[in-house]
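Work through the exercises below with the model open. Try each task before reading its solution.

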Amino acid sequence: MKFTDLRLDPRILEGIDAMGYENATPVQQQVMVPILEGKDIIAAAQTGTGKTAAFVLPILQKLKPSAPNNEGRVKALILAPTRELVQQIEESVLKYSKHLDLRVASAFGGVDIRHQIEATKHGVDILVATPGRLLDLHTQEKISFTGLKYLVLDEADRMLALGFYAVIKEIISYLPTWRQSLLF
Ligand code: AMP
């Protein structure tokens with residue numbers, strides 16, 4: 001399957017082109033259409049199979065804004081178990097969304113929270129975060145989930161193994177119920 005078959009926004013295709021991707025990988029072929037159709041999904045795929053693009057590209061297509069989000073709300077939330085993974089996902093999001101006018105931010109523990117508060121203050125379209133730091137930001141009322149439309153739990157198995165169950169459950173209790181949920 002070619003990315004052009006998915007009728008993605010030309011600006012997203014430009015980003016994909018710049019990465020040198022020609023065909024969608026198997027996990028991308030399986031999940032991108034259901035995500036674009038608005039379905040909740042559960043998918044299992046190894047790291048290195050193109051899993052990140054499999055959820056990021058459809059989310060970009062759905063957000064595809066013409067103007068940056070100034071509402072002070074998060075539209076898409078991607079939770080991942082570690083700082084390294086959060087940074088890696090954020091990097092991918094930035095590359096794929098290079099030609100879109102989107103606000104992307106990340107939040108993870110072990111560093112000063114003030115930068116993250118500053119980065120999310122004026123609204124974020126896509127926030128990539130570890131569960132603990134995200135809950136901190138929410139408890140301090142620095143972010144709002146009222147406009148949230150998409151939730152991704154990446155490496156959910158590892159998040160559970162690291163003991164994040166209660167934190168994730170609490171975060172989910174603050175999210176709108178009409179969101180789309182993607183679990184990897
Ligand atoms: P991931 O599984 O998301 O960690 O991705 C592993 C690697 O595959 C990354 O370096 C991506 O840039 C690359 N990748 C993702 N999708 C494709 C694709 N359709 N064609 C070629 N490489 C890809």
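**Exercise 1.** In which loop is the place of Arg 179?

Solution. This is a predicted model. Find helix α8, residues 165–173. Then find strand β6, residues 180–183. Arg 179 sits in the loop between α8 and β6.

**Exercise 2.** Is Arg 179 buried or exposed, and which side chain of opposite charge is nearest?

Solution. Step one: Arg 179 is buried. Step two: the nearest side chain of opposite charge is Asp 40, 6.9 Å away. Step three: apply the cut-off. A salt bridge needs a side-chain nitrogen of Lys or Arg within 4 Å of a carboxyl oxygen of Asp or Glu. Arg 179 has no salt bridge.

**Exercise 3.** List the partners of the Arg 179 side chain.

Solution. Start with the backbone: the oxygen of Pro 176 lies 3.1 Å from a polar atom of the Arg 179 side chain. Next, take side chains: Arg 179 makes a polar contact with the side chain of Ser 181, at 3.0 Å. Now set aside neighbours within four places in sequence. Arg 179 is then in contact with Asp 40, Leu 148, Lys 149, Leu 151 and Ile 172.

**Exercise 4.** Trace the sheet and name its edge strands.

Solution. Six strands form an open sheet, in the order β1-β6-β5-β2-β4-β3. The pairing is parallel. The edge strands are β1 (41–42) and β3 (104–107), and each pairs on one side only.

**Exercise 5.** Describe what surrounds β3.

Solution. First, 4 bridges join β3 to β4 (residues 124–129), and the two run parallel. Ser 106 stands opposite Val 128 in β4. Then look at helix α4 (residues 83–96): this helix lies across β2 (74–79), β3 and β4. Helix α4 runs at about 180 degrees to β3.

Definitions and conventions: Residues are numbered from 1 along each chain as its sequence is written. This is a predicted model: local features need pLDDT of at least 70, side-chain atom pairs count only at pLDDT 80 or more; totals for chains, interfaces and linings use all residues. Side-chain values use heavy atoms; hydrogens and water are left out. Two strands pair if DSSP finds at least two bridges between them. Contact means heavy atoms within 4.5 Å. Axes are lines fitted to C-alpha atoms, for helices over the stretch in contact, and angles run from 0 to 180 degrees between N-to-C directions. Buried means under 20% relative accessible area, exposed over 50%, partly exposed in between (1.4 Å probe, protein chains only). Lys and Arg count as positive and Asp and Glu as negative; His and the chain ends are not counted. A polar contact is a pair of N or O atoms within 3.5 Å; within protein, one must be able to donate a hydrogen and the other to accept it, and residues adjacent in sequence count only if both atoms are side-chain atoms.
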